[in-house]
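Work through the exercises below with the sequence and the 3D view open. Try each task before you read its solution.

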Amino acid sequence: MRATITATSRFLPEKVLTNSDLEKLVDTTSEWILSRTGISERRIVENGEVTSHMGTKVSLELLEKTGIDPSEIDVIIVGTITPDMIFPSTACLIQNKIKAVNAWGFDLSAACSGFLFALEAGAKMIESGAYKKIIVIGAETMSSILNYEDRNTCILFGDGAGGVMLEPAKGDEGIIDSLLYSDGSGGDFLKMEAGGSLHPASIDTVEKRMHFLQQNGRKVYKFAVKGMAESSQAVLQRNNLSGKDLSLFIPHQANRRIIEASAERLGLRQDQILINIDRYANTTAGTIPIGISDAVDSGRLKQGDYVILTAFGAGFTWGSILVRWGNCK
Ligand code: UT7
């Protein structure tokens with residue numbers, strides 16, 4: 001029995017931070033940001049729109065679209081590296097806000113691959129037969145861990161959330177296969193050092209700016225293209241498919257050049273690729289569910305379509321999931 005996505009939803013805060021706004025904060029230009037990353041603007045939370053708030057909005061819309069009662073939800077999985085707090089989990093906060101009184105849940109930390117890993121976990125739970133209705137969310141408040149004095153990182157990220165309802169498939173649609181990976185030797189290239197047991201919060205960690213995201217962009221770039229292209233190629237091949245069979249390639253949105261380089265290695269045409277980085281930037285675990293929801297709302301997915309979801313992120317973590325699209329609201 002396969003798991004299939006029966007509804008999608010996304011929540012983007014209304015406040016827009018443009019490249020020109022960033023010109024006023026750091027030594028950069030709109031043109032540099034657009035040409036190097038493909039980003040024109042990003043959304044930023046305000047007035048208490050924290051991660052659980054965005055995840056709740058997404059969950060409520062999923063319930064509304066499917067007509068499922070909150071008490072029927074079995075599990076809530078939230079891919080995030082910017083939870084409201086270290087504990088309790090964002091999944092518990094959402095569970096309470098949506099009154100999913102019979103659900104258990106947990107947060108899953110895999111950075112930009114967070115939604116992919118959460119989707120795989122949810123799909124396997126459905127396949128086991130033990131669970132029937134699972135909400136899988138990717139939600140991030142990246143602005144809470146960015147240093148708006150560091151031009152190397154603050155221009156890249158935005159806030160936002162997306163999610164899907166997972167249920168048992170009735171036919172041959174659904175999540176077909178996946179290839180997911182971790183390689184902790186890449187951990188130093190993208191990290192937030194403080195706030196955990198290694199460097200608990202202190203005046204020193206604040207003064208040394210250790211509560212902000214740090215990245216070696218050039219290193220991550222190279223691994224990202226290789227990781228997304230190779231895992232997508234491999235999962236297609238082992239299902240006797242190729243790039244030509246894909247209706248849509250929904251990649252993590254970290255850099256337009258990374259997306260295009262990965263797609264080129266798969267021999268994809270422009271119309272097979274979902275790109276929304278121009279509007280939302282990199283929302284980490286949010287990019288893929290936001291992308292799926294964008295694709296559904298713009299009519300780019302129909303029943304029977306083959307879709308690849310792929311991501312690369314801190315850890316390193318990466319991989320690809322092959323989906324045969326079903327009936328989805
Ligand atoms: O989602 C998680 C995974 N993250 C990623 O996938 C990000 C991957 N990396 C990237 O997307 C790119 O590496 C960046 C967009 C971060 C940087 O682009 P790049 O083409 O790799 O530039 P670079 O790091 O090689 O830097 C080129 C120059 C540097 O100046 P020097 O050292 O050559 O004088 C940077 O200091 O560009 C400079 N620079 C900037 N200039 C204007 C870096 N950031 C900026 C900026 N505005 N915002």
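A nonpolar core is a set of buried Ala, Val, Leu, Ile, Met, Phe, Trp, Tyr and Cys residues joined through side-chain atoms within 4.5 Å. Buried means under 20% relative accessible area, exposed over 50%, and partly exposed in between (1.4 Å probe, protein chains only). The model is predicted: local features need pLDDT of at least 70, side-chain atom pairs count only at pLDDT 80 or more, and totals for chains, interfaces and linings use all residues. Residues are numbered from 1 along each chain as its sequence is written, and side-chain values use heavy atoms, with hydrogens and water left out.

**Exercise 1.** Find the largest nonpolar core and say which domains give residues to it.

Step 1. The largest core has 41 residues. Leu 213, Phe 249, Leu 268, Ile 273, Ile 308 and Phe 312 have the most contacts inside it.

Step 2. Helix and strand names follow DSSP runs (helices H or I, at least four residues; strands E, at least two), numbered from the N terminus. H7, strand S11 (246-251), helix H8 (256-265), S12 and S13 each supply at least two residues of this core. H7 gives the largest share, 6 residues.

Step 3. Domain bounds come from an automatic or database domain assignment. Both domain 1 (3-171) and domain 2 (175-324) contribute residues, so this core lies between them.

Step 4. Another core lies apart from it, with 34 residues, including Ala 118 and Val 323.

**Exercise 2.** Describe the ring pair of Phe 223 and Phe 316.

Step 1. Rings of Phe, Tyr and Trp (its six-membered ring) pair if their centres lie within 6.5 Å; planes under 30 degrees apart count as stacked, over 60 as edge-to-face and the rest as tilted. The structure holds 7 aromatic pairs.

Step 2. Here the centres are 5.0 Å apart and the planes stand at 45°, so the pair is tilted.

Step 3. Phe 223 sits in helix H7 (residues 217-237), and Phe 316 in the loop between strand S12 (306-313) and strand S13 (317-324), 93 residues apart.

Step 4. Phe 223 has 38% relative accessibility, so it counts as partly exposed. Phe 316 has 3%, so it counts as buried.

**Exercise 3.** Is Ser 143 buried or exposed, and what does its side chain make a polar contact with?

Step 1. Ser 143 lies in the loop between strand S6 (134-141) and strand S7 (159-168).

Step 2. Its relative accessibility is 17%, so Ser 143 counts as buried.

Step 3. A polar contact is a pair of N or O atoms within 3.5 Å; within protein, one must be able to donate a hydrogen and the other to accept it, and residues adjacent in sequence count only if both atoms are side-chain atoms. The Ser 143 side chain makes one with the side chain of Asp 159 (2.7 Å).
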